[in-house]
Amino acid sequence: MTAAFDEMGTEGVVRAPYRTIGDWLATTPPEVFAHKRREAEILFRRIGITFAVYGEGGDPERLIPFDIVPRVLGAGEWDFLARGLEQRARALNAFIHDVYNDRDILRAGKVPEALVLQNESYLPIMQGFSVPGRVYTHIAGIDVVRVTENEFYVLEDNCRTPSGVSYMLEGREVMMRLFPDLFARHRVQPVSRYPEALLETLLSVAPPACKGDPVAVLLTPGPYNSAYYEHSFLADEMGVELVEGPDLFVDDDIVYMRTTQGPKRVDVVYRRIDDSFLDPEAFRPDSALGVPGLMNAYRAGTVTLANAVGAGIADDKAVYIHVPEMVRFYLGEEPILKNVPTWSCAKADERAYVLEHLAELVVKDVHGSGGYGMLVGPHATKAECAAFADKIKAAPDRYIAQPTLALSTCPTFVEQGVAPRHVDLRPFVLVGRDKVTIVPGGLTRVALRDGSLVVNSSQGGGTKDTWVLEG
Amino acid sequence: MLSRTADNLFWLARYMERAENMARILEAGYRLAAMGTVVGGGHTEWHSTIVAAGCEAGFYEKHAEATAEAAIDYLARDPDNPSSIISCIQTARRNGRAVRTALSADMWDAVNGSWLQARGFADEDFAPDTVRRVLDWVKERSLLFTGCVGSTMMRNDAYWFTRLGTFIERADSTARILDVKYNVLLPTYETVGGGLDYVQWTAILRAVSAGRAYHWIYRREVKPWLVAELLILKPEMPRSLAACFVEITRTLDLLAGAYGRQGEAHRLAGQIHARLRFTRIDDIFQVGLHEFLTEFIDSNVRLGHEVSKQYLT
């Protein structure tokens with residue numbers, strides 16, 4: 001693997017967006033960083049932002065490490081990214097609408113029919129039914145990595161219930177408290193408008209049955225969910241009720257919430273519950289998190305769910321391969337952001353290539369998320385590769401493989417001082433009835449271990465504040 | 001507001017108040033035990049403390065005898081006891097966390113900070129000779145919490161449900177603390193109204209921070225019926241049953257005004273309040289103090305159920 005692109009620059013040549021940060025890093029004594037980092041941790045702890053890791057046990061109120069060195073993007077870099085993200089989000093939405101209705105893209109042979117129709121994420125209950133504004137993924141978290149000065153790749157699209165935006169917002173708050181001087185020396189585009197933009201997006205897709213001012217709520221699985229902090233934070237910032245399944249009920253295909261003054265009608269549900277738990281009458285009957293009858297109300301057009309049920313068909317890791325084709329098919333444009341070249345183990349010839357080159361590739365479970373169930377070839381032992389090869393042979397459809405990208409690095413404060421660490425970026429794309437909004441920035445995740453390419457918080461990754469400078 | 005939110009606020013306040021009251025009950029236990037009286041071959045002070053805390057059944061499942069160590073452990077920090085101080089703080093925080101959007105930032109800091117500090121306690125902090133520091137700390141945290149409620153919450157239904165929780169819980173616990181005395185046996189050589197009896201009543205007064213109030217109001221030596229009168233009937237005494245019901249009825253009236261309707265909770269609260277306003281202490285002693293308190297605790301529990309039925313589900 002060649003040396004990774006460092007976003008600050010190499011050997012004395014500091015790239016333009018990092019000029020001030022470079023000075024700051026060079027002139028600030030390490031004890032000051034150590035002190036500021038402790039302060040940041042205290043602030044996060046006080047705010048209560050914690051993150052539980054699935055199946056790991058341990059402290060359920062663990063903090064995600066926060067790195068105090070910001071990641072900086074110039075206005076030009078961001079504008080390019082934003083255009084690419086908007087384009088991609090539009091294509092993904094058009095795709096979801098299409099596969100649940102006319103299926104043009106399947107009939108045109110651009111995407112294999114079986115891949116969609118036999119996919120676990122394809123929910124027949126959504127067929128022949130159009131959602132308000134034809135928006136399915138109202139909030140998309142599109143993970144982007146950078147490889148060189150001008151090359152950005154989309155690593156994956158998260159079209160269901162992407163999380164992490166609260167880290168973007170609180171990380172900025174904490175940074176502004178810790179380093180007011182540093183902000184004064186830059187012109188950083190604000191991110192604080194996100195909750196307002198989110199609410200605007202949600203209200204724009206109120207169902208046709210809604211007369212008067214629409215009522216939106218945020219539906220959470222509850223305090224035991226790892227992203228609960230984010231749910232309560234967003235509800236608070238938007239000024240909407242944070243509801244759990246039992247707070248809602250459906251009567252005559254209309255959704256109500258239980259209040260101290262009796263039932264109150266609900267028009268838009270920003271749900272942070274997975275599809276299969278949403279309605280025990282339509283999906284998993286054992287779900288205590290959902291609302292019985294919700295799907296009937298949804299299909300009757302009295303309530304909007306964001307993101308839409310069944311939107312997961314667009315972020316399946318095997319469907320991912322076809323997103324550039326979707327951009328061409330629905331928008332008639334060339335994709336601005338690239339896909340990472342991907343081999344599908346379902347295809348015999350590609351599988352053979354993957355098995356032969358395991359040591360160079362990253363192999364992912366198409367149904368996995370959060371960095372679980374993946375193999376990073378260059379960092380795996382021979383035995384690990386061999387074991388993974390068996391898994392692929394046993395269930396080839398489950399796996400895809402990609403080259404090990406040299407993710408860009410950013411200066412990061414670690415035990416040894418300030419050192420380059422690999423990063424990715426999750427911007428949050430808001431798709432409303434008539435417009436797409438992207439708050440400048442996103443969640444930068446950083447692999448804190450030297451050389452590690454896995455940025456997931458469940459695997460020891462941390463976060464950074466992401467600065468987009470004014471043009 | 002969401003019924004569940006109101007429910008969480010109500011219980012958040014109740015558990016913070018309960019943590020404080022457990023500390024007060026333990027303190028009363030301390031003062032009583034310090035008298036060092038032996039009755040029928042054993043101490044009854046810690047037993048009576050357990051009974052007053054309403055933890056008798058659970059306690060004797062785990063412990064054969066009510067020693068100081070066992071009682072302190074069970075009431076202060078046993079995770080199996082849902083009413084132990086540490087459990088209360090945990091439950092309060094869980095309720096608070098579920099409704100962060102309805103709390104002021106200061107309230108959340110008060111609750112969350114208590115929980116974080118409680119996690120830092122070590123075994124030796126709960127030894128009989130050091131636990132007093134924890135008890136003082138609990139009172140401080142609870143006072144901080146009620147202070148935050150009073151100074152930072154908007155005066156709307158969220159505030160009213162929080163206040164209802166505080167006062168329904170406080171009424172319950174004042175009644176229980178007063179009842180401690182019923183369960184502490186006097187040695188046969190001691191007479192009612194004698195020296196030891198006096199000291200015991202003083203301990204009760206102190207436990208509810210009412211020592212000074214007593215002397216301001218009565219300006220005479222401590223008499224059992226006056227202590228009972230102070231803690232049951234005097235509305236100017238902030239932890240008395242009467243004072244709690246002034247707050248409860250006023251709060252329920254505010255809710256009825258805002259929502260435009262009344263219910264069974266209003267009727268029941270009014271009835272209890274009327275009794276507290278128009279009963280004389282002599283009448284209470286006639287029925288028996290213990291009997292009166294038992295009945296009060298029952299109707300107060302019923303009130304909690306009615307509030308829950310009317311608003312919180």
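This passage walks through the domains, the chain contact, a set of paired strands and the nonpolar cores of a predicted model.

Chain A is a good place to begin. Two domains are assigned here: domain 1 is built from three stretches of sequence, 9-207, 303-334 and 422-468, while domain 2 covers 341-403. The C-alpha centres of these two domains of chain A are 25 Å apart. Where the domains meet, 10 residues of domain 1 of chain A are in contact with eight residues of domain 2 of chain A. On the domain 1 side of this meeting place, five residues are nonpolar, three are polar and two are charged.

Chain A also touches chain B. In this contact, 16 residues come from chain A and 15 residues from chain B. On the chain B side, the elements that provide two or more residues each are the helices α1 (3-33), α5 (85-98) and α6 (105-119). The chain B side holds six nonpolar, three polar and six charged residues.

Next come some strands of chain A. Strand β11 (residues 268-271) of chain A has parallel partners: four bridges link β11(A) to strand β6 (residues 216-219) of chain A, and three bridges link β11(A) to strand β12 (residues 304-306) of chain A. Particular residues can be picked out along these pairings. V268(A) is the bridge partner of A216(A), and V269(A) sits opposite L305(A) of β12(A). Which way do the residues of β11 of chain A point? V268(A) and Y270(A) point one way, whereas V269(A) and R271(A) point the other way. This pattern is a familiar one, because side chains in a regular strand alternate between the two faces of the sheet. All four of these β11 residues, the charged R271(A) included, are buried.

Finally, the nonpolar cores deserve a look. As a general background, nonpolar side chains tend to be buried together in soluble globular proteins. The largest nonpolar core of this model has 217 residues, and the members that touch the most others are L92(A), A19(B) and I204(B). Helix α1(B) gives this core its largest share, 17 residues. Both domain 1 and domain 2 of chain A supply at least three residues each to the core. What surrounds L92(A), leaving aside its neighbours within four places in sequence? L92(A) is in contact with T137(A), A140(A), D157(A), C159(A), A314(A), V323(A) and M326(A). A second core, separate from the largest one, has eight residues, among them A40(A), F66(A), V174(A) and M175(A).

How values were computed
Residues are numbered from 1 along each chain as its sequence is written. Chains are lettered from A and ligands numbered from 1 in the order in which they are written. This is a predicted model: local features need pLDDT of at least 70, side-chain atom pairs count only at pLDDT 80 or more; totals for chains, interfaces and linings use all residues. Domain bounds come from an automatic or database domain assignment. Two residues are in contact if their C-beta atoms, placed from the backbone, lie within 7 Å. A residue is buried if 20 or more other C-beta atoms lie within 10 Å of its own, exposed if 12 or fewer, and partly exposed in between; C-beta atoms are placed from the backbone. Two strands pair if DSSP finds at least two bridges between them. A nonpolar core is a set of buried Ala, Val, Leu, Ile, Met, Phe, Trp, Tyr and Cys residues joined through C-beta atoms within 7 Å.
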